[in-house]
Structure formats: structure tokens, C-alpha cells
Amino acid sequence: MNILTLDARSAPETATDAAPWWKGAVVYQIYPRSFADSNNDGVGDLAGITAHLDHVASLGVDAVWLSPFFTSPMKDFGYDVSDYCDVDPIFGDLADFDRLVEKAHALGLKVIIDQVWSHTSDEHPWFVESRASKTNPKADWFVWHDAKPDGSPPSNWQSVFGGPAWTWDARRRQYYMHNFLAEQPQLNGHNPDVQDALLAAGRFWLDRGVDGFRLDAINFSMHEPSLRDNPPLPDNVGRRTRPFDFQDKLYNQSHPDIIPFLKRVRRMMDAYPGDRFTVAEVGGEHADREMAEFTANGDRLNSAYGFLYLYADRLSGDVVRQGGLMWPGAEGEGWPSWTFSNHDAPRAVSRWAFGRDPKQLADVLLLLLISLRGNAIVYQGEELGLPQGEVPFERLQDPEAIANWPETLGRDGARTPMPWTTGVQAGFSTVEPWLPVDARHPPMSVEAQEAEPASTLAHARRLLKLRRAHPALRSGDMEILEGPGEVLAFRRTAPGERLLVVFNLGHSPEAWTAPDGARLIEAVNMDGAQDGVLPPLAGLLFSDGA
């Protein structure tokens, strides 16, 4: 068969089944500081997001996920919350948020927001009260402990951003725990009053029309109360740039009591109409097990994602197969979510190119992402094929990047402003933004790609329409198939539909022939290809019978 001839038959415009809206959804992640600046102060805001929701809806996604916009001193750019139930003035106010939700819903978009429930800001009133004495009503709302007899911290636990996970506080004459910055004290998630307060904050946003939560670093939310020291990791485990990387994090996080709390979260979500959605961020050496535990049995969270792709040095068939093994579809299993890029990891186009054409890579990655079993999370700019932004040292904002320079993943380059136009500051703002606009980005802007039929933007819209049209892609089963060399092949199946997806993720052509009877639905990077040859970075989607 001529594999460049697309099948003229098409599936229905929208798949129809009884599954909840979130099962197989495509979620578009927005990092508010960097999406659109409506008041020209150099920082993105809620009104800027609202003004550009038409673009998001035009992609064909199901929902938007907003990174934190809550009141915060911004030591970790919103992940240090000082008021869970208000909007930081830099982003607008509650009325701006309500307008955003109203427009999103009018466009058919669900709204998912971050909930940062493992820690607060040290400026949160809860912590201000907690640190005032050992006997106040919130004394046990955070993790406090006496020093060892020699004055050293209570355990050997290390923080993600470098240095001990303990800081001495002269007010209480005790150490307080922080898995991240010292300005992000650890909540005592074991305390029922803390849980009640967090759930009350969740209900505040659900009452305003929010459709779901992404739970930030939820496996950090409870520690082992005995404060046992973490053991060292074997020497051959991972790259080490921080003291945190040397330990097996068995006791500073991931306590079994997290699961009963997640059941409380689920009961809260289920009390609201409309299939409210929860997805957990779960990182670390034990993420596979924890994601399964946090989403099991239908009484916990709906979904979870980890860092399999976000921190992968290279993309290969083996990595994709590993992801399939993590979520085999067993009885009682939760539902996976996948993302290749986000605000915490360098953009995939830069991580995985290795000298190959970045547009070809961006296009095939979009086909792979929408073909995987699970929810697909698309980070802002991924629909444009943006490479990692270049940020000079003197413009760095990320505390982790500054502390660990130059041996760091660095998050600023993934957070540079979204390019809307080819004009001043890429249409993000009229003033110098909080992070610089990379000179490569304006020519790749939404404006520049709108008029180009072969653009990555046009490609993204076409693929997301395909995802909606094919139940097998949206929520079907997945079976990894044997393939020669670097060829990755898998089958997606749903009642009445069977699809075959094939990729060459390598650097050299591979011999591969489509099976008899397969009808081509989509081809990526196949221009000029010979029959029986799969070029590097090629991707094919076939209807393989029913």
C-alpha cells in the first residue's frame, strides 16, 4: 500500500461514550505569570488568560490547568501560598477569576487549579501563629521538633532546593521542617484540623465553579513522625547535583496516612456535580508505587502523573514501554496522565532533539502524546513547538537554578513568556517581562503560525480533533507490540475500533511495512519516504480493523 495516502473515511466529530469528561481528556497547562500580561506590568495575569482562552479552545482541548495564582510572597512564584482563598494582586482579584471561569465554561473548557497542600508560605497566618509559641491553637499545624542534644537538626532529611530540611526558629526554640525552601514550612498533614482547613479551602474554589484540582507534591504531605533518618541511595542511582539526591526519601514523605486523607478529598469532590477531577503530581524514586496507591479502588484520586518523561534524558521506545508497564489496566487501577513538558522541566523539544530538526520532533511528539493511554497534558507553547528559552544567569528567577547553577535542570527556561505575536515582547506585554523573551520565539508565535497550514499549531489542532474523534485514542486499551530496531508500535482498542500507532524515534531510517488492510489516518514527517521505510521522527496512525 502507499502509506502516504490518507483514508478518506473519518470518525464522528466527537466521540460519545458514558465515561466521565476527564477520562482521556487533553488538559492545557497555563503558567499565569508567563501567559499574557493585560496591564503591562511585565507579569501575566488572570485577565490576560481570559483574553486568550479563545486560542486555547481553538486547539480542541477539554480543560485548562492553572498553576498557582493565590496570594503569595512569590519566593517560589506562587507555590508558597499565604492565603489559599484569594488571588494575589499581581494576578488580579476574585472577580477576575470568576470572569475567567465563566468564559472558560462558555467555551466548553473545564477549569483545573493547583492546590498546594503539603506546605504554605512562612507568611501564611497559620504559620505566623504556629511559630509564636508551643501552646497556641495552631502550634501543631506544622512540623516542629526539638534539636538533638548537640543542637543539630532532628534528622538527616534534606530539602529539594539544597541543604537540610530543617530551619531553626528562635521564637519556638525548635526546628521546623521544609521539604523545599525555608520559606515553605511543612504542614503537619497528620493533624485532622489541618486536613479540615485544606478541604475547606478546596470547597471555596469548588463553590466558585472549579472543575478539578491538581495536587502539588502530594506525596510530600505527610512524614514519618518518628523522624527516622533516610538511608542513602546506591551510588548508581541517578545524577546528583543536590544533597537531596543522595537519600532514599523513605521517611520525610510518602507516609501511609496520606491515603485516608485522599479518600476524604475524593468524598469532597464526589459531593459536587459534574465529575469533579483530581490529578496528583508524584515524583521520586517510589513514584510508580505511589501513583498506583493514590489512585486505586475508585475511592481516592482520579489520576496521577510522574516525571518519567519530564526528566528523561532521551525519548525512546523503552521509555514509552516503561510507561505502559506502570499502568497496565489492572482491576481497580486508576487512570494515568502524561506530560512531556511543564513549568518544572526543560521543554522536551530541547531535551530530546540531539541535533535533529526541532519542528519534526515537536510534530511527532504531539502525535505520541495524544496516542498514549491516559490524559494528555499540553504545556503552553507546546502547540507551537517552542524550544527551551535561554535565560542568562543575571536574569534567573528560579531559586533552585540560582542555588545550583550551572548544575541544574533549571525551570526559568520553560517559563519564559508565551509568544503571541512577532512584535514587541512577542505580544506578551509592552514592557520588559519578568523573564526575557527568547529571540527564537516571536517567529514561532501564534500570529506567525496561524497563517501557515504546515505549522506545528495547525498540526496540533488536527491531532487533537483526531483524539476527540476516536474513542480508542481517548480512552481505549493499549497494547505494546514488537517492532524492529528503534520502531515503537502499539495498538489502541475500544469497542468497535482498533488503531495501530507506529513511530521511529531514532536517528536512522528503519525498515517497516504496514500490515495488510491497515488504513492510514495520519502521517507525520513522511514526506518523500519510500515504501517500506520509516524515516527518523516519523509517526503513523492507522485504522487496523475492528
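**Exercise 1. A buried acid**

Which side chain does a polar contact of 2.8 Å join to that of glutamate 383? Find this partner in the predicted model, then describe the surroundings of glutamate 383.

*Solution.* Start with the partner: the side chain of histidine 55 makes the 2.8 Å polar contact with that of glutamate 383. Next, place the acid in the fold. Glutamate 383 sits in the loop that runs between β13 (375–379) and α11 (399–404). Now look for a charged partner. Although glutamate 383 is buried, it has no salt bridge; arginine 347, the nearest side chain of opposite charge, is 6.8 Å away. A salt bridge would call for a nitrogen within 4 Å of a carboxyl oxygen. Finally, list the neighbours: leaving aside residues up to four places away in sequence, glutamate 383 touches several residues, including Tyr28, His55, Leu59, Met418 and Gln449.

**Exercise 2. The two sides of helix α3**

Work out how helix α3 (residues 94–106) is oriented, and look at what lies at its start and just after it.

*Solution.* Begin with the length. The 13 residues of α3 reach 18 Å from the first C-alpha to the last, close to the 18 Å expected. Then pick out the buried positions, which are Asp96, Phe97, Leu100, Val101 and Ala104. Viewed down the axis of α3, these buried residues fall within an arc of 140°, so they line one face of the helix. Turn the helix around, and the face away from the buried side shows the exposed residues Glu102 and Ala106.

What do the buried residues pack against? Among their partners are α1 (46–51), α2 (53–59), β5 (110–115) and α5 (192–207). Now check the two ends. At the start of α3, a side-chain oxygen of aspartate 93 comes to within 3.1 Å of the backbone nitrogen of alanine 95. After the helix comes glycine 108, with a positive phi near 85°.

One salt bridge is worth a look here: arginine 99 and aspartate 96 meet at 2.8 Å, N to O. Both lie in α3, three residues apart, about one turn of the helix. Arginine 99 counts as partly exposed at 46% relative accessibility, whereas aspartate 96 is buried at 16%.

**Exercise 3. The same analysis for α6**

Repeat the steps for helix α6 (residues 258–270).

*Solution.* First, the span: 13 residues at 1.5 Å each should cover 18 Å, and the end C-alpha atoms of α6 are 18 Å apart, which agrees. Second, the buried set includes Ile258, Phe261, Leu262, Val265 and Met269, and Arg266 also belongs to it. Third, the buried residues of α6 fall within an arc of 165° seen down the axis, so they line one face. Fourth, the face turned away from that side carries the exposed residues Arg267 and Asp270. Last, the buried residues of α6 pack against α5, β9 (212–215), β10 (277–281) and α7 (287–295).

**Exercise 4. A salt bridge and its network**

Explain what the salt bridge between arginine 411 and glutamate 400 ties together.

*Solution.* The closest N and O atoms of this pair are 3.9 Å apart. Arginine 411 lies in the loop between α11 and α12 (446–450) and glutamate 400 in helix α11, so the pair ties together parts eleven residues apart in sequence. Both ends are buried: arginine 411 at 8% relative accessibility and glutamate 400 at 10%.

For contrast, take arginine 440 and aspartate 438, whose side chains meet in a salt bridge at 2.9 Å. Here arginine 440 is partly exposed at 36%, while aspartate 438 is buried at 5%. To finish, widen the view: salt bridges that share partners join Asp76, Arg242, Asp245, Asp344, Asp398, Glu400, Arg411 and Arg415 into one network.

Note on methods. Residues are numbered from 1 along each chain as its sequence is written. This is a predicted model: local features need pLDDT of at least 70, side-chain atom pairs count only at pLDDT 80 or more; totals for chains, interfaces and linings use all residues. Side-chain values use heavy atoms; hydrogens and water are left out. Helices (H or I, at least four residues) and strands (E, at least two) are DSSP runs, numbered from the N terminus. Buried means under 20% relative accessible area, exposed over 50%, partly exposed in between (1.4 Å probe, protein chains only). Lys and Arg count as positive and Asp and Glu as negative; His and the chain ends are not counted. A polar contact is a pair of N or O atoms within 3.5 Å; within protein, one must be able to donate a hydrogen and the other to accept it, and residues adjacent in sequence count only if both atoms are side-chain atoms. Contact means heavy atoms within 4.5 Å. The expected span of a helix is 1.5 Å times one less than its number of residues. The arc is that of the directions from the helix axis to the C-beta atoms.
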